[in-house]
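Trainee: Before we look at anything in detail, could you show me how to read a fold element by element, beginning with the way strands are joined?

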Amino acid sequence: MPDSGCIFCKIARREVGSTFLYRDDRIYVIEDIHPVAPVHLLIIPIQHITSLAYIGSRQSPMMGHIFTVAEEMARRKGITVSGYRLVMNQGSNSGQSVVHIHMNLIGGAPLAGIG
């Protein structure tokens with residue numbers, strides 16, 4: 001069920017302007033408004049799911065679809081070979097800023113980090 005106050009739900013309903021780089025009946029992709037790299041996309045389920053703790057077998061196809069679309073978007077942005085990072089933050093301690101699960105696709109430059 002959508003959350004009337006959720007910015008990602010508002011974007012999905014086209015109540016808040018955003019340019020969709022990809023959209024289908026399950027997910028959409030937009031650019032992050034505060035990018036941390038030359039390529040920083042958000043891959044967002046249309047269904048309002050607040051936590052990975054609520055992912056069950058019914059959401060497995062949608063979660064797999066997120067990874068499929070992430071690879072397609074990396075290819076479109078030309079970073080498949082050079083590399084990219086996929087990040088899903090879970091909960092306030094992780095730095096999750098919007099309480100609606102989503103995946104960050106980050107790349108386009110060397111990324112420092114964990115490995």
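Mentor: Let us begin with one pair of strands, E1 and E2, which run antiparallel and are joined by two bridges. Please keep in mind throughout that this is a predicted model.

Trainee: Which residues stand opposite each other in that pair, and how many residues lie between E1 and E2?

Mentor: Tyr-22 stands opposite Val-29 in E2, while the bridge partner of Arg-23 in E2 is Tyr-28. The two strands form a hairpin, with three residues between E1 and E2.

Trainee: How does E2 continue into the rest of the sheet, and in what order do the strands lie?

Mentor: On to the next neighbour, five bridges join E2 to E3, and these two strands also run antiparallel; within that pairing, Ile-27 has Pro-45 of E3 as its bridge partner. The sheet as a whole is open and antiparallel, with five strands in the order E1-E2-E3-E5-E4. Its edge strands are E1 (22–23) and E4 (84–87), each of which pairs on one side only.

Trainee: Is E2 largely enclosed or open to the outside, and why?

Mentor: The general idea is to count residues whose relative accessible area falls under 20%, which is the cut-off for calling a residue buried. Four of the five residues of E2 are buried, so E2 is largely enclosed by the rest of the structure. When you think about where the side chains of a strand point, remember that in a regular strand they alternate between the two faces of the sheet.

Trainee: Which residues touch the most other members of the largest nonpolar core, and which elements contribute to it?

Mentor: That core has 18 residues, and those touching the most other members are Ile-27, Val-29, Ile-43, Ile-66, Met-73 and Leu-105. Two or more residues each come from E2 (27–31), E3 (39–45), H2 and E5 (103–107), and the largest share, seven residues, is given by H2. There is also a second, separate core of ten residues, which includes Phe-8, Cys-9, Ala-12 and Ile-44.

Trainee: What does Leu-105 touch, once residues up to four places away in sequence are set aside?

Mentor: The contacts of Leu-105 include Val-39, Leu-41 and Ile-43, as well as Ala-70, Met-73 and Ala-74, and also Tyr-84 and Leu-86.

Trainee: How should I read the aromatic rings, and how many aromatic pairs does a search of the whole structure find?

Mentor: One looks first at the ring centres and then at the angle between the planes, and here the search finds one aromatic pair. The ring centres of Phe-20 and Tyr-28 are 5.2 Å apart and the planes stand at 90°, so the pair is edge-to-face. Tyr-28 is buried, with a relative accessible area of 0%, whereas Phe-20 counts as partly exposed at 22% relative accessibility. Arg-23, which we met as the bridge partner of Tyr-28, lies over the face of Phe-20, at 5.0 Å from the ring centre.

Trainee: Where is His-65 found, and is His-65 buried or exposed?

Mentor: His-65 is found in helix H2 (residues 60–76), and at 13% relative accessibility His-65 counts as buried.

Trainee: What polar contacts does the side chain of His-65 make?

Mentor: The side chain of His-65 makes a polar contact of 2.5 Å with the side chain of Asp-24, and a polar contact of 3.4 Å joins the side chains of His-65 and Arg-26. Leaving aside neighbours within four places in sequence, His-65 is in contact with Tyr-22, Asp-24, Arg-26 and Ile-27.

Terms used
Residues are numbered from 1 along each chain as its sequence is written. This is a predicted model: local features need pLDDT of at least 70, side-chain atom pairs count only at pLDDT 80 or more; totals for chains, interfaces and linings use all residues. Side-chain values use heavy atoms; hydrogens and water are left out. Buried means under 20% relative accessible area, exposed over 50%, partly exposed in between (1.4 Å probe, protein chains only). A polar contact is a pair of N or O atoms within 3.5 Å; within protein, one must be able to donate a hydrogen and the other to accept it, and residues adjacent in sequence count only if both atoms are side-chain atoms. Contact means heavy atoms within 4.5 Å. Rings of Phe, Tyr and Trp (its six-membered ring) pair if their centres lie within 6.5 Å; planes under 30 degrees apart count as stacked, over 60 as edge-to-face and the rest as tilted. A charge sits over a ring if NZ of Lys or CZ of Arg is within 6 Å of the ring centre and within 35 degrees of the ring normal. A nonpolar core is a set of buried Ala, Val, Leu, Ile, Met, Phe, Trp, Tyr and Cys residues joined through side-chain atoms within 4.5 Å. Two strands pair if DSSP finds at least two bridges between them.
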